[in-house]
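Biologist: I should like to understand how this protein chain is put together, beginning with the whole and then turning to one part. Please explain each step for a reader who is new to the subject.

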Amino acid sequence: MIEWRPLGTGARPVPQPVATPLVWAGAFGGALLLVALLNAVVGPDRPQLALLALCLLAAVLGLCARFTAAPGTAVLCWLFLNGFAIPPAGTLTWAVPRDTTWLACLLTATLVGTSLARLTHARAAYRRLAPGRARHDGGRGDGPYGS
């Protein structure tokens with residue numbers, strides 16, 4: 001017998017990503033706090049440490065974000081890195097090889113976090129929805145010959 005179930009009800013197999021403005025607000029606030037904390041503890045003379053910390057922040061934010069939020073997240077983290085983690089503080093500068101590399105690292109970290117989350121969610125959804133996983137008929141087939 002066929003049991004009809006509406007597709008739009010019940011638990012979603014893949015969770016929805018967080019809205020892009022919320023991710024960007026998290027990037028803004030997180031980068032501000034992270035750079036301020038690093039400047040207070042370590043000092044502004046270690047931009048590599050700040051880059052590493054901001055890459056980790058971008059990857060964590062990417063875990064709950066959409067792919068379209070990645071460029072904005074990377075740019076917001078770069079703004080705080082460039083503006084406050086390197087001397088002179090509060091001045092935005094553009095050194096082509098350095099800043100291009102920093103932006104690429106931040107964007108890559110965000111995309112890796114987002115890709116990892118999408119793959120993890122898709123794999124979990126596949127496990128929940130795979131046809132051979134759980135049988136509700138006690139293991140007997142519903143075919144015409146009964147298996």
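What percentage of the 147 residues of the protein count as buried? After that, please take a close look at the loop between helix 3 and helix 4, where proline 88 has its place, and set it in the context of the rest of the chain.

Modeller: The model is a predicted one. Of the 147 residues of the protein, 30% count as buried. The protein has four helices and zero strands, and from the N terminus on its elements run α-α-α-α. Among contacts between residues at least 6 apart in sequence, 73% join residues at least 24 apart.

The loop that you ask about comes after helix 3, which covers residues 70–84, and before helix 4, which covers 96–129. Let us follow the loop along the chain. Most peptide bonds are trans. In this loop, however, there is a cis bond to note: proline 87 and proline 88 are joined by a cis peptide bond, with omega at about -5°. Proline 88 belongs to the loop between helix 3 and helix 4.

Leucine 92 also lies in this loop. With a relative accessible area of 52%, leucine 92 is exposed, because the term applies to values over 50%. Even so, leucine 92 has partners elsewhere in the chain. Leaving aside neighbours within four places in sequence, leucine 92 is in contact with Leu79, Asn82 and Gly83. The C-alpha atoms of leucine 92 and leucine 81 are 9.4 Å apart, while the two residues are eleven places apart in sequence.

Further along the loop is tryptophan 94, and here the aromatic rings deserve attention. A pair of aromatic rings is described by the distance of the centres and the angle of the planes. A search of the whole structure finds three aromatic pairs. In one of them, the rings of tryptophan 78 and tryptophan 94 have centres 5.6 Å apart and planes at 70°; the pair is therefore edge-to-face, since that term is used for angles over 60 degrees. Tryptophan 78 lies in helix 3 and tryptophan 94 in the loop, so the pair ties together parts that are 16 residues apart in sequence. The two partners can also be described by their accessibility. Tryptophan 78 is buried, at a relative accessible area of 10%, whereas tryptophan 94 is partly exposed, at 48%. Elsewhere, Phe28, Phe80 and Phe84 form one aromatic cluster.

Helix 4 follows the loop. Side chains of opposite charge can pair when their charged atoms come close. The structure holds one salt bridge: arginine 98 pairs with aspartate 99, and their closest N and O atoms are 3.3 Å apart. Arginine 98 is partly exposed, with a relative accessible area of 29%; aspartate 99, by contrast, is buried, with a value of 0%. Alanine 125, also in helix 4, counts as buried at 8% relative accessibility. In sequence, alanine 125 and valine 14 are 111 residues apart, yet their C-alpha atoms are 6.0 Å apart in space.

On the other side of the loop is helix 3, where threonine 73 is found. Threonine 73 counts as buried, because its relative accessibility is 0% and the limit is under 20%. Not counting residues up to four places away in sequence, threonine 73 touches Val23, Trp24, Ala27, Ala58, Leu61 and Thr110. One of these, tryptophan 24, is found in helix 1 and counts as partly exposed at 33% relative accessibility. Besides Thr73, the contacts of tryptophan 24 beyond four places in sequence include Thr68, Ala69, Gly72 and Leu76. Tryptophan 24 and leucine 61 are 37 residues apart in sequence and 8.8 Å apart from C-alpha to C-alpha.

Finally, we may consider the space left inside the model. Rolling a probe the size of a water molecule over the atoms shows where empty space is left. The count comes to one cavity of 30 Å³ or more, and the largest cavity holds about 60 Å³ of space. Helix 1 (20–41) and helix 2 (47–62) each supply at least two residues of its lining. Among the lining residues are Val35, Leu38, Asn39, Arg46, Leu49 and Ala85. By class, the lining has eight nonpolar, two polar and one charged residues.

How values were computed
Residues numbered from 1 in each chain as written. Predicted model: local features only at pLDDT ≥ 70, side-chain atom pairs only at ≥ 80, totals over all residues. Heavy atoms only, no water. 1 Å grid on protein atoms, 1.4 Å probe; cavity = no way out; pocket = protein on both sides within 12 Å on 5 of 7 lines; lining within 4 Å. Points joined across faces, edges and corners; volume = space filled by probe spheres on them. Nonpolar A, V, L, I, M, F, W, Y, C, P; charged D, E, K, R; others polar. Phe/Tyr/Trp six-rings, centres within 6.5 Å; stacked < 30°, edge-to-face > 60°. Buried < 20%, exposed > 50% of the residue type's maximum accessible area, 1.4 Å probe, protein only. Salt bridge = Lys/Arg side-chain N within 4 Å of Asp/Glu carboxyl O. Contact = heavy atoms within 4.5 Å.
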